[in-house]
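Visitor: I am new to this structure and should be grateful for a guided reading of it.
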Number of protein chains: 2
Amino acid sequence: MLKKETQNLEIDNLDIQILTQLMQDATKPYTEIAKELIISGGTVHVRMKKLADMGIIKGSHLIIDPKKAGYDITAFLGIYLEKGSLYKDAVEQLSKIKEVVELHYTTGSYSMFAKITCRDTDHLRHVLNEEIQAVKGIQRTETLISLEESIKRQIELL
Amino acid sequence: MLKKETQNLEIDNLDIQILTQLMQDATKPYTEIAKELIISGGTVHVRMKKLADMGIIKGSHLIIDPKKAGYDITAFLGIYLEKGSLYKDAVEQLSKIKEVVELHYTTGSYSMFAKITCRDTDHLRHVLNEEIQAVKGIQRTETLISLEESIKRQIELL
DNA sequence: GTTGAAAAGTGCTGCGA
DNA sequence: TCGCAGCACTTTTCAAC
């Protein structure tokens with residue numbers, strides 16, 4: 001009885017189907033999913049618990065429309081650092097700017113790449129000129145403004 | 001009785017506090033939120049209904065960890081189109097590539113900017129060389145591979 | 001517009017196959 | 001391991017303030 005749990009660490013097709021449904025609508029009742037997949041509600045629950053224990057499920061977010069909430073502008077920022085070693089410090093400072101919603105350490109021409117969301121062009125200018133430029137270690141930035149978000153989705157597991 | 005609804009189209013502080021909580025965890029019970037804000041569960045429900053009717057709430061997503069689901073690589077793609085007029089057509093074709101999770105029409109050097117998620121370097125190479133290059137109208141692309149996602153969050157409404 | 005409680009539906013747990 | 005049934009909880013509704 002040494003082996004405690006040889007638990008199914010595989011993700012099978014059923015898991016993927018459950019996840020796919022909940023990735024589109026996290027509040028979808030388990031019972032409804034169960035009906036569609038022709039299994040019991042309990043099974044959905046067991047699978048979800050397994051996936052949660054495995055750490056695949058990170059949580060659930062309510063998705064709001066940034067435009068309707070007054071945030072009209074999405075922009076991407078290619079950031080050049082003075083020295084690559086300043087990366088960690090820059091992350092810390094940038095994380096304090098709430099308009100920075102994504103930050104990646106990337107290969108290619110830029111040192112870092114950020115996605116920012118602003119209310120309007122004035123707000124964007126303020127964030128770029130005051131907030132971002134004040135971050136130590138940033139040499140210069142290149143801005144790409146998103147005029148239209150044509151696709152926005154999560155990866156399909158299928 | 002001509003004016004049907006002069007409904008509160010403003011978002012007040014209470015709305016924002018409710019949204020902020022649910023944006024972090026969409027499954028958080030209304031009753032718990034109500035307790036924290038010292039209001040009744042019914043009020044939370046009424047406010048959420050108002051926000052949903054206003055279209056601010058787009059839905060809820062279950063967030064999975066792409067790494068643990070076997071998707072290890074995030075990359076950004078600067079896309080140059082042969083002609084700007086090919087945009088609409090390119091969007092349609094790119095939307096069929098499930099690895100493309102975001103697509104923006106942008107100002108700046110690139111015509112379009114995409115975010116893609118892949119299983120591994122082989123998968124990335126396949127998507128870039130076979131899928132993306134097959135899209136008509138794309139002249140060339142520039143790839144930025146994300147080595148680390150340092151920040152990932154939604155905009156704060158506060 | 002908010003409250004508090006009642007009704008309906010959902011999520012969770014243990015037992016049986 | 002999966003499915004079923006009972007219990008606890010949440011959501012939703014509604015009358016009253």
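Guide: A charge sits over a ring if NZ of Lys or CZ of Arg is within 6 Å of the ring centre and within 35 degrees of the ring normal. The model is predicted: local features need pLDDT of at least 70, side-chain atom pairs count only at pLDDT 80 or more, and totals for chains, interfaces and linings use all residues. Residues are numbered from 1 along each chain as its sequence is written, chains are lettered from A and ligands numbered from 1 in the order in which they are written, and side-chain values use heavy atoms, without hydrogens and water.

Visitor: Which residue lies over the face of Tyr80(A)?
Guide: Tyr80(A) belongs to an aromatic cluster that also includes Phe76(A) and Tyr110(A). At 4.2 Å from its ring centre, the residue over the face of Tyr80(A) is Arg140(A).

Visitor: Is Tyr87(A) buried or exposed?
Guide: Buried means under 20% relative accessible area, exposed over 50%, and partly exposed in between (1.4 Å probe, protein chains only). Tyr105(A), at 27%, is partly exposed. Tyr87(A) has a relative accessibility of 11%, so this residue counts as buried.

Visitor: How far from a phosphate oxygen of DNA strand D is a polar side-chain atom of His45(B)?
Guide: A polar backbone atom of Tyr30(B) is 2.8 Å from a phosphate oxygen of this strand. For the side chain of Thr43(A), an N or O atom is 2.3 Å from a phosphate oxygen of DNA strand D. For the polar side-chain atom of His45(B), the distance to a phosphate oxygen of DNA strand D is 3.3 Å.

How values were computed: Polar contact = N/O pair within 3.5 Å; in protein donor to acceptor, adjacent residues only side chain to side chain. Phe/Tyr/Trp six-rings, centres within 6.5 Å; stacked < 30°, edge-to-face > 60°.
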